[in-house]
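Here are a few notes to read with the model open beside you. Take them one at a time and find each residue as you go.

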Amino acid sequence: MSKAIFIRNASQLVTLQGSSNTPRVKGEMSELGIIEDGSVWIEDGVIQAVGKDEELLVKYESRLSEVEVVDARGKLVTPGLIDPHTHLVFAGSRENEFNMRLQGATYMEIMNAGGGIHATTRRTQAATHEELFQQSFERLNQFLRHGVTTVEAKSGYGMEWETELKQLEVAKQLNENHVIDVVPTFMGAHAVPKEYKENPDEFIRQLTEEMIPKVAELGLAEFNDVFCEHGVFTPEQSRMILEAGRKYGLIPKIHADEIEPYEGAELAAEVGAISADHLLKASEKGMKAMAEKGVVGVLLPGTAYFLMAEFANGRKMVDLGVPVALSTDCNPGSSPTVSLPFIMNLACLRMGMTPAEVITATTINAAHAINRGSEIGSLEVGKKGDITIFNVENYMKLQYSYGINHTDTVVKNGQVVVRGGQLNEELSLS
């Protein structure tokens, strides 16, 4: 049983209370539920009280000698940040492709030349379980230093059963051994392997009739994702893959409309996906359909930034009523970053979102994008004690002073795991 924690005197305590049932949309995304001079009491890993410091001081006065006090005076306190779209488990890096893009090569040109996803697939296939675990563990340490307490992790760098299984087993081991919660997604449909380019139907058969049933039987994933894009999987093929996953209890997710308009957003609404991600080229019709069905739009501005591409229209999506979330899309080819705070900066500077909206998009809406809205994403009694404390006085300064990691303290499940920007060595995180 962990020691109780009393976080006190926050300059601003962002609670986002009242968001557990559905993600926030439109003006709700700006309603942060701020308490000035706010405090939080956490016990047994769970939030027990949230309110003004003077109120909690009276309530718990007799127990102050037995609690760990965290002084948040002059600081911003938010729910722990949540990253709902990562490709966490992979081997190698692709800085050579970065240089190629700077000389004019496109993402699809690089992939068709044997780079892109295929390059990472070869390295991930060759890596041992232990190598993948160690590399991914260090990435999680970096996420933690940037205030992130939960990440989604996709497979997809195998494109055959043995490596897909290896990625999912590593994700499971990471969830069991690292303080960050790792939420697994099966993405065998990340690309069509070269050997099936002339016969994609056979690969889809393997996905739907062999791989997906095995993933479900082994309990290795909660979600099933597909890259619906011209030259990858068509909307019709994507529907087959997502419906096959649903048959076996895997919740649909979809990479949609990243490179060109391809009716991915519309498909997400039709199949009842929990989220549609990327959406750089999503149509207004697709955005409206997502808004109507409550599909979370997970936007990845780091990918557009790194690929030097047009950004998704976050402002329009919010105004149309799409529940928007934000993510790093951490991966070796198109977004090699773990800095969710920088992604928040980009969303303000390049997608027209406000500082308040990006807080919502990386907390409660991100939680809903991975089916965790009832457990994390807001500071409410009964939710997990996942909290990030930033060394700024208010939420607007977090975005105004951009490109800086302002994370001071991170509390995960009621334990201080980052203090003064440094990992708590007692937890053997490195």
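The points below go through three residues, one after another.

1. Before anything else, keep in mind that this is a predicted model. The angles and distances here are computed from that prediction.

2. Start with N9, which sits in strand β1, the stretch covering residues 5–10. Its phi is near 65 degrees, and that's a positive value in a residue that isn't glycine. Is N9 buried or exposed? It's buried: its relative accessible area is 10%, and the cut-off for buried is under 20%.

3. Next, have a look at L16. You'll find L16 in the loop that runs between β2 (12–14) and β3 (34–35). L16 isn't a glycine either, yet its phi is positive, at about 55 degrees. As for accessibility, L16 comes out at 0%, so it counts as buried.

4. Now jump along the chain to I212. Which helix holds I212? That would be α7, made of residues 200–218. I212 counts as buried because its relative accessibility is 0%.

5. So what does I212 touch, leaving aside its neighbours within four places in sequence? The contacts are F186, L207, N224, I241, A244, G245, Y248 and L250. Try picking them out one by one around the I212 side chain in the viewer.

6. One last distance to check is the one from I212 to K247. These two are 35 residues apart along the chain, and their C-alpha atoms are separated by 9.5 Å.

Key: Residues numbered from 1 in each chain as written. Predicted model: local features only at pLDDT ≥ 70, side-chain atom pairs only at ≥ 80, totals over all residues. Heavy atoms only, no water. Helix = DSSP H or I, 4+ residues; strand = E, 2+ residues; numbered from the N terminus. Buried < 20%, exposed > 50% of the residue type's maximum accessible area, 1.4 Å probe, protein only. Contact = heavy atoms within 4.5 Å.
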